[in-house]
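Please open the structure in your viewer and keep the selection panel at hand. The tour below proceeds stop by stop, and each stop names what to select next.

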Amino acid sequence: MEFFKQVDIDWMGKAKYFYALSGLLLVVGMASLVAKGGPYYGIDFKGGTVVDVRFAGTPPIDTIRNGLAQQGIGNSTIVPVSDIARPNSNEVLINIEEKGEGAEALDAGKAAILSALHATFGAGEPGKQDFNAVGPSAIADVLTRKDPLSAGAAAGDRYAQLSRQIVSYRDKDRGGIVNNLDELSASGASAGVIAALREVFYTSNFAIINVEIVGPKVGSELRRQAVVVTLYALAGMLVYIAFRFEWVYGAAAVLAVFHDVLITLGLFSIFHFEISLTVIAALLTLVGYSMNDTIVIFDRIRENARLMRREPFHAIVNRSINQTLSRTILTSGLTFLTVLVLFVMGGQVLRAFSFALVVGILVGTYSSFGIAAPLVVAWNQWRGQGAAVVTSGTAAGNKLRKT
Amino acid sequence: MNSNLKWKALFIAAVILVCILGLVGRPEFPPKSWMGIKSNFSNSIKLGLDLQGGTHLILQVQVQEAVSQETDQTLDHITTLLRDKTIRYDELRKLTDTQILVHNVAPEQIGAARNVIADQYPDWAISAAPGETSGYIVTMSPTRIAALQQQTMDQAEETIRRRIDALGLTEPLVAPYGQGDNEIIVELPGEGDPNRAKSVIQAGGQLELHLVLDGSAYPSEAAAMASHGGILPPNAQLVQGKSSASSPSQSAPASDSWYLIDRVPVVTGRDLRSATAVRSTKNVGFFDVDFTLSTEAGRRFGPFTEQNIGKQLGVVLEHRMQTAPTINGRIDDTGVIEGQFGEQEANDLGLVLRSGALPASIKYLEERTVGPSLGADSIRHGVQASIVSLLVVLIFMVVYYRLSGVNAVVALILNLIILLAALAYFGAVLTLPGIAGVILTIGMGVDSNVLIFERIREELRGAKAPVTAVDVGFKRAFLTIIDTHVTTIVSAAFLFVFGTGPVRGFAVSLAVGLLANLFTSVYVSRVIFDWHLAKMPREAELSI
């Protein structure tokens, strides 16, 4: 089977359409960024507190907000977690912005949220602990002291293992919330064990899934670092490509990658995805990937330039793109499919990250023939070299080619 | 050619064996059942915090405090020194964290003063005080500052590690972090509730015994200052009583009492040899902490207590006055800290004192807790996505490239096995972005095969024989493959250097996956092709 048998499209002739498309995407993206007051930073970059809470039923957002207000937290943002794969997840993200570099403890926000939750949703019976909030060691402690199975000397190990089983059941099978201690019988806990637990624990109807607290100083520091790393990476690649090919190729490739990153950021703004550290990782990966693509085309241009000495440069570039089209579409297509699977099935934690990759692969592939190649052609034409005078890189590159 | 091929095949088989060994052969070798294999596998791959749940803390050591403390002590010593040498001066005070001002030295003793100080404190630079005829500024040298900061960092890290270890958590991590901002990272896998760990870490453990200067406590800071004419005496400092929830007993100060104490402590936590929790005899039902001093400190403490009988000894814990008992007689090297502690409180305090005081206080910069259910969710999503994407790619390759597609499939699966085995061997941590890196490796790894196959198809279209086509295809594609891998690996390298936890996991997965891909798509694929070509009849077409 073969998709692209003998393609002969005049890519460079369509350059102005490519520029127009890119221009449009950039303008729309930038407009969104401006309208929303900048990129939508996650707490990695903004600082603040985020608590992810899962409820047994539909989360009562207004009740939560009032409860928080009573604890003195006026400016909280409560966002339900909705996932393409799981639209009714009964989870909310409680967001508190960091007020400033105060002497107050870093987790003042988290402590306030927890007390608000407990106050609003029942502290259960006084003196008892919330079963949904404890770890296996706490449970093992309780069981060892009460010894409902009369395990005697082997109590420690026996209950340690049982506790792990119970907690694993709660977390893996029940999503972290057990509504009633009787439900634990499904995990292998006998009636005696459950009775012993009931003396010490009650079950609330919520569970803390995740807590993230980032101090404001760290936030701005990470923001600065992210920008610096990206710029360094781009500079490194510019040098690498200039070494393998020529400066103009390096510049064209870097401009194309820049274009990719800007469009991705614009789309992030439009679709209101949060920019976190992992998203920056995805951006750097797409930088590498876009370079990839661009290099394959440049490689072919260099090879063809030697073979097709008499032809005008833009014809050489067209031919190169056509020859590599099959490979480009195939690989990008396959990589795109894999990250699409990741986007759909990868879970909510990776959603923004995989979105960056999905967009990045599409745009990165497009920019190789839509931006980078036309830029090189334009440069050559501007230098008055319609004919194919393209010096091809370093001696090392030539040597390896001589096979 | 055939025996060459056999050796290559053997080599590949050896690599596969080593990988499988790394993944399911440890720690129980050989695994005796399916359960054994599964448990070996889960032990070999270390899971990051975002996959197993746990707590991640970034804290910053306030090293400036240690520097300031050293200046304080040096100030005190210089005072004694100048007095011993009977050098007269008007004033001796601390200017900044690293500078001491000697004000108005008697004119004929200027030279002597300088020599005396320079002799005893080579780490300090002496310069003329600006605007003074006979004064000096003594400044800590930058090398000493740097050394002190590093020493403080090391000691803080060591102390924190000891305290965390004493809590008995599984495989905690305590390590320096970041680029030189005095930060330490603490990771507690599986620990869903960090509060006890945090309070144990943060407990300064700064125990200091000071002489209480004024007879009684003051109700407020202002009152204390007022009774001294609005300015504190130069050798004194004010300290507040610790805030206590329960009703204070006779000697336990309430938080609204302020004490005037000697600036320099007679004994600090560093002089402790041991500290244990014991049942309190005075406050029945509560616990105290008994401590013992080192011999050297005992030699100082004895005369001190003897000279100050009748005065109060302030036990200052973390800059708050814990108790202030009256010195009734000479004490050489034992003491007790009373404070109506509960059992766990007293045990923790003993632990903290035994592990040594933190040389400076710490501040939390970042705290992340991943609940275990999220971790389990993430693993499930990650694994499902990996399997589906692998299947998608495999099916496509076989349909599009027919038998050569199977070649690519074998190479890809081997790629993943090598990737996982490498992670296991290096003890690298697998995070959720790391799983994404594996998925990305699937997509990008198959790129190499596509490059080669497309080149082979091109050559075949040019009517070359299969053997030549394969040969040329691999050769021509090789350089491009190197180029494309290098750029992505460079990105990954940047991410590894500047990233933390989950991002690092991603960088490692991606880089290792691509490196393994170089091996599988070029070497292994080639071997499979050669083997297939050798068995193929001469006239047959290459299935690609």
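Select chain B and view it whole: its radius of gyration is 35 Å, whereas a compact globule of 544 residues would have one near 24 Å. This is a predicted model, and every value in the tour is to be read with that in mind. Along its principal axes, the C-alpha atoms of chain B fill a box of roughly 110 × 60 × 40 Å. Colour chain B by secondary structure, and 14 helices and 19 strands can be found. Of the 544 residues of chain B, 41% count as buried. Contacts that reach across the sequence may be considered next: of those in chain B with a separation of 6 or more, 70% are between residues 24 or more positions apart.

**Chain A**

Now select chain A. Its secondary structure consists of 13 helices and six strands. Chain A has 403 residues, of which 44% count as buried. Among its contacts between residues at least 6 apart in sequence, 78% join residues at least 24 apart.

Colour chain A by domain. Domain 1 takes in residues 12-42 + 215-401, and domain 2 covers residues 43-213. How far apart do the C-alpha centres of domain 1 and domain 2 of chain A lie? The separation of these two centres is 45 Å.

**Where the chains meet**

Display both chains and select the residues in contact between them. Chain A and chain B each contribute 59 residues to this contact. On the side of chain B that touches chain A, at least two residues each come from β18 (362-370), α11 (372-426), α12 (432-461), α13 (466-498) and α14 (501-535). Which of the elements of chain B gives the most to this side? It is α11(B), with 17 residues. Colour the same side of chain B by residue class: 33 residues are nonpolar, 16 are polar and 10 are charged.

Next, select strand β6 of chain A (residues 206-214) together with β18(B). These two strands, one from each chain, pair in the antiparallel sense over five bridges. To locate one bridge, label A:Val211, whose partner in β18(B) is B:Thr369. A general remark is useful at this stop: the strands of a sheet pair through backbone hydrogen bonds, and the pairing is either parallel or antiparallel.

**A residue beside the contact**

Select B:Met444, which is placed in helix α12 of chain B. Is B:Met444 buried or exposed? B:Met444 counts as buried because it has 26 C-beta neighbours inside 10 Å, and the cut-off for a buried residue is 20 or more. Leaving aside residues up to four places away in sequence, B:Met444 touches A:Thr335, B:Thr488 and B:Leu514. Now add B:Thr484 to the selection: B:Met444 and B:Thr484 are 40 residues apart in sequence, while their C-alpha atoms are 9.5 Å apart in space.

**A four-stranded sheet in chain B**

Hide chain A and select the four strands of chain B that form an open sheet in the order β3-β4-β6-β5, with antiparallel pairing. At the edges are β3 (89-96) and β5 (124-128) of chain B, each of which pairs on one side only. From one strand to the next, the twist averages 20°.

Concentrate on β6 of chain B (residues 136-140), which pairs with β5(B) in the antiparallel sense over five bridges. Two positions can be labelled here: B:Ala125 stands opposite B:Thr139, and B:Ile126 stands opposite B:Val138. Strand β4 of chain B (residues 99-105) is also antiparallel to β6(B), and four bridges join them. One of the positions to label is B:Gln99, whose bridge partner in β6(B) is B:Thr139.

Show the side chains along β6(B), which alternate between two faces. B:Tyr136, B:Val138 and B:Met140 point to one face and are buried, while B:Ile137 and B:Thr139 point to the other and are not buried.

**A largely enclosed strand**

For the last stop, select strand β14 of chain B (residues 287-293). Why is β14(B) described as largely enclosed by the rest of the structure? Five of its seven residues are buried, so the description follows. Add strand β13 of chain B (residues 272-279), which is joined to β14(B) by seven bridges in the antiparallel sense. Within this pair, B:Ala277 has B:Val289 of β14(B) as its bridge partner.

Key. Residues are numbered from 1 along each chain as its sequence is written. Chains are lettered from A and ligands numbered from 1 in the order in which they are written. This is a predicted model: local features need pLDDT of at least 70, side-chain atom pairs count only at pLDDT 80 or more; totals for chains, interfaces and linings use all residues. Domain bounds come from an automatic or database domain assignment. Two residues are in contact if their C-beta atoms, placed from the backbone, lie within 7 Å. Ala, Val, Leu, Ile, Met, Phe, Trp, Tyr, Cys and Pro count as nonpolar, Asp, Glu, Lys and Arg as charged, and the others, Gly among them, as polar. Two strands pair if DSSP finds at least two bridges between them. Axes are lines fitted to C-alpha atoms, for helices over the stretch in contact, and angles run from 0 to 180 degrees between N-to-C directions. A residue is buried if 20 or more other C-beta atoms lie within 10 Å of its own, exposed if 12 or fewer, and partly exposed in between; C-beta atoms are placed from the backbone. The radius of gyration is taken over C-alpha atoms; the globule rule is 2.2 Å times the number of residues to the power 0.38.
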